[in-house]
Structures are given as structure tokens and as C-alpha cells.
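Here is a short, friendly tour of the fold for your next look at the screen. Have the viewer ready, and we will go topic by topic.

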Amino acid sequence: MIRNTAILIFANSAEKDAERKSFLSTEVIAELNKVTLKKVQKTGLPYFHYSEKNQEGADFGERFSNAIAAVFSNGFENVITIGNDTPHLKTRHIIESAQQLAQNNLVLGPSKDGGFYLMGIKKAHFNKNTFLKLPWQTNRLNSYISKISSAKNISIAYLELLNDIDAKEDISKIIESRYKITAQLLVLLKRLVAVHQSLFYHLENSLCYFTNELHYNKGSPYLLA
């Protein structure tokens, strides 16, 4: 069954992703893309990378659905989709999902924000119209898919719960996690946290200075009458 499986990396370039995730630097996203690609290549499975250069559609759901349909059109029976924002994703997660598709119709790697960092699906259970109606990029996505699958008796296998990077607060969670990430990515993320802390410190000091100036310069008593 694994030989009929392909991986879809659905991830934009560092420059494009940085426009949406302004709290991340292009350097960090470029490293995430690099690390993700290496993990995929280690599986030995065929893969396709869909970035903004070859995605088609008006919104995320449409672009994502079109990319999955395009991979299936290449003759594969199973597609495993991943993004670039889950540093703790390992090669073993991808291989496990490929193996799980032999006994299940769907595989989900749930993320702590209510979405998923990985989805494996069989061609027979991919319905583009249904996909377009899913609450993409919300914290209801995982539970919504689970409810639909249960109602339609579609068997699901779940991988372990992981953190992805969707907000500035997620960076510290990744750094402090018991799961390991590459040394280079760890350095870049720590550097980014230091920059954010420095900016917050300067902003806080500026606000304190401005507030103190207002209290000190009370103005003419005639203006207060």
C-alpha cells in the first residue's frame, strides 16, 4: 500500500509565508522549509511540493483541495499532506501515516490549535466538494472532520498531538518542548524570541516615559478651569 502513496508538501516560499506570519522571519521559514523537505526525502516516498507558484484557487480551502486532486491525478491511491510549520514532525510520523492508510480511510495528526499538521487520505474518500466546505484555518477543523467521518463510518487513525507555529506564543512552546528540533532551527527561534523581547522592552519603556511626561507637565491651571 505504501508504494501507492505520495506526499504533498503544501507550503509557500519563505518570502510569501512571512507576509502572513509577520512574527516569523524569512530566515526561520526558509529553515522550516529546508528541514521539512529533508524529513520527507528520508521516507523514500514520492512527493510533490505546492507553493504559491503552482497553487490554484481563491482561498486556502480551494487551493489545498486542488493540490490534493492534482496529486491523485498522477495515479496515486493515497496522499499524505503536510505543511512547513510543525518543527516536531518526524519522518516516522509520515511513515506511520502511510502504514495506517492500509487499515484506515483517513489519518490525522492533530495540532494543539484544533487543526492538523498531517492528513493522510485515500482517493476513494476524497470528495472535493466536501473539502471546500470544511472550516479551514479555524480551531474547529479537527473536530469537524472527526464528526463527519464518524457520521459516514469513515475510519480514522490519529497520530500524536503536536504544536505548530501559528502565533508568536507558539515559538516559546516549541523551544521549551521535550521534543527535539535541529540545532540551527533552535538558534534561529531563540534569536527571534530575543528580538521580540527587545522590541517589547523598548515599547514598554517608551510608554512609561510618555506617561510620566504627561503626569509631570500638567499644563496651565487656566486650561483646567
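**A cavity and a sheet**

The largest cavity in the structure has a volume of about 40 Å³. Please keep in mind that this is a predicted model. Counting cavities of 30 Å³ or more gives 1. Beyond the cavity, there is an open sheet of 6 strands to explore.

**Around the cavity**

- Among the residues lining the largest cavity are Leu32, Val35, Thr36 and Lys39.
- The lining of this cavity also includes Asn84, Thr86, Pro87, Leu89 and Leu185.
- Helix α2, which covers residues 26-43, gives the most to this lining, with 4 residues.
- By residue class, the lining of the largest cavity holds 5 nonpolar, 3 polar and 1 charged.

**Through the sheet**

- Reading across the open sheet, the strand order is β2-β1-β3-β5-β4-β6, and the pairing is mixed.
- At the edges sit β2 (47-50) and β6 (156-158), each of which pairs on one side only.
- From one strand to the next, the twist averages 15°.

**A strand pair to look up**

- Strand β1 (residues 5-10) pairs with strand β3 (residues 78-82) in the parallel sense, over 5 bridges.
- To find one of these spots on screen, go to alanine 6, whose bridge partner in β3 is valine 79.

**A helix across the strands**

- Helix α6, made of residues 141-151, lies across β4 (106-110), β5 (116-122) and β6.
- Relative to β4, helix α6 runs at about 155°.

Conventions. Residues numbered from 1 in each chain as written. Predicted model: local features only at pLDDT ≥ 70, side-chain atom pairs only at ≥ 80, totals over all residues. Heavy atoms only, no water. 1 Å grid on protein atoms, 1.4 Å probe; cavity = no way out; pocket = protein on both sides within 12 Å on 5 of 7 lines; lining within 4 Å. Points joined across faces, edges and corners; volume = space filled by probe spheres on them. Helix = DSSP H or I, 4+ residues; strand = E, 2+ residues; numbered from the N terminus. Nonpolar A, V, L, I, M, F, W, Y, C, P; charged D, E, K, R; others polar. Pairing = 2+ DSSP bridges. Axes fitted to C-alpha atoms, helices over the stretch in contact; angles between N-to-C directions. Contact = heavy atoms within 4.5 Å.
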